[in-house]
Amino acid sequence: MAHPMAIYQLDTIPCSLLSSEKSVEICAKHIDWSKVTIQGLITDTTTLYIQGDLKGYDDPLVGYDPASNFRDRDRVQNEQIVVNWMNLFEVHQRVRGKDAGIVCTSIPRSERYFTVKMEDDGKMNVYNNTNNSVNTESSEVLQNFLDHVGLNERRVLDMREASKGARYRTYFADLQALLLAVDFRVFPEMFEKVFLKPTLVKKGDNELMPDGSVKPILRERELPGGKVWTPKDLTYLYFVKSSPTEDKHCPHSQSFYVPKQGVISKIYYQLDELLKNEENAVKRMIREKYFLSIYEWSRWSDYFVNDVDDVLTILAIRHAFSFTYLTPSEKIIKEKLDEIVKPWFDHFASQELLNIEPEPEC
């Protein structure tokens, strides 16, 4: 059952008149996008950030299912989603060219070593994946953040139902995506540039093997640990390694920037700094080096759809504007963020009113 606040939403915030650059962060599936929407977002000054591992179909270590933002279980919905992604890549290549680069703001699950669990008492804890122990320092930072932004235990219990399908666990992938977007502007050396061909693969599509034989691309494949991956009757979106000369006339192939292996440790450090209830260098970097360095910021989000990451990400951005004197431009950004979160807290307040037990009659 869907959370009552579940919604796909495009948010746009004006940032600085001193810049002409735009940031567009795609952090959810393209459920109901049209070409008009896409063309309105991509301009010659847009940097496009997309959240999701850019998987090919030849690496058993990362698996063969595309990242969740690139697929859906429903066949009709899945078809619409992959077509919308291809439209986005085509528009970006046409407007920005093959070399400008789309920024991937996702770190493979195999590199993530912390998992956050929403407990049944309304608390949230950070667990170390290697031994399932609680990281007390990060858990304390997270809990203090939740208290500060107004997410008490009752409200966390309300939110956690959005992630029931994930057993109330999250990697905070959206928060990582935010920090990677910021880092791309400030520390571009954290990324490597690769040339990829977004490719739709359907049942019946074949690949040429090294021995000259031909096999279906979508076939049963062995995974690490002895498990077997079996494809469904869906269209799969893969990212195939290529080159500008090899796919000179392909309307979708282009450069992508992907995080280098090992940057996750820096992201975890920045995440703790962002969530702390104090002003610090990471918060200042988000405000000044990211938001105030662009003319406009847009984000496509799925609030309360399958997880709570998007909600916490917006609250974390707002957190970066909460412990210092704000300039007029920063105040406008903070006010726009307040507008985004207001419906959530209105919902929490209404639920709490419904749950108030009447006082006994005299």
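In this predicted model, Leu312 touches Met124, Phe145, Leu146, Leu151, Met159, Phe172 and Leu175, leaving aside residues up to four places away in sequence. Leu312 also ranks with Leu151, Leu315 and Trp344 among the residues that have the most contacts inside the largest nonpolar core, a set of 65 residues. Another core lies apart from that one; it has 28 residues, including Val24, Leu48, Ala67 and Phe70.

Two of the partners of Leu312, Phe145 and Leu146, are buried residues of helix H3, so a closer look at this helix is welcome here. Helix H3 runs over residues 136-149 and, with its 14 residues, reaches 20 Å from first to last C-alpha, close to the 20 Å expected at 1.5 Å a residue. Besides Phe145 and Leu146, the buried residues of H3 include Ser138, Ser139, Val141, Leu142, Gln143 and Val149. Packed against the buried residues of H3 are two kinds of element: strands S5 (114-118) and S6 (124-128), and helices H4 (153-160), H6 (264-275), H8 (309-319) and H9 (328-354). After H3 comes Gly150, with a positive phi near 95°.

Turning to the protein as a whole, 9 helices and 15 strands are found. The radius of gyration is 21 Å, close to the 21 Å given by the globule rule for 362 residues, so the protein is as compact as a globular protein of that length. The C-alpha trace spans about 85 × 50 × 40 Å along its principal axes. Of the 362 residues, 52% are buried. Among contacts between residues at least 6 apart in sequence, 76% join residues at least 24 apart. The accessible surface amounts to about 17700 Å², and carbon and sulfur atoms account for 50% of that surface.

Note on methods: Residues are numbered from 1 along each chain as its sequence is written. This is a predicted model: local features need pLDDT of at least 70, side-chain atom pairs count only at pLDDT 80 or more; totals for chains, interfaces and linings use all residues. Side-chain values use heavy atoms; hydrogens and water are left out. A nonpolar core is a set of buried Ala, Val, Leu, Ile, Met, Phe, Trp, Tyr and Cys residues joined through side-chain atoms within 4.5 Å. Buried means under 20% relative accessible area, exposed over 50%, partly exposed in between (1.4 Å probe, protein chains only). Contact means heavy atoms within 4.5 Å. Helices (H or I, at least four residues) and strands (E, at least two) are DSSP runs, numbered from the N terminus. The expected span of a helix is 1.5 Å times one less than its number of residues. The radius of gyration is taken over C-alpha atoms; the globule rule is 2.2 Å times the number of residues to the power 0.38. Accessible areas come from the Shrake-Rupley method with a 1.4 Å probe; for residues, only the protein chains shown count as cover.
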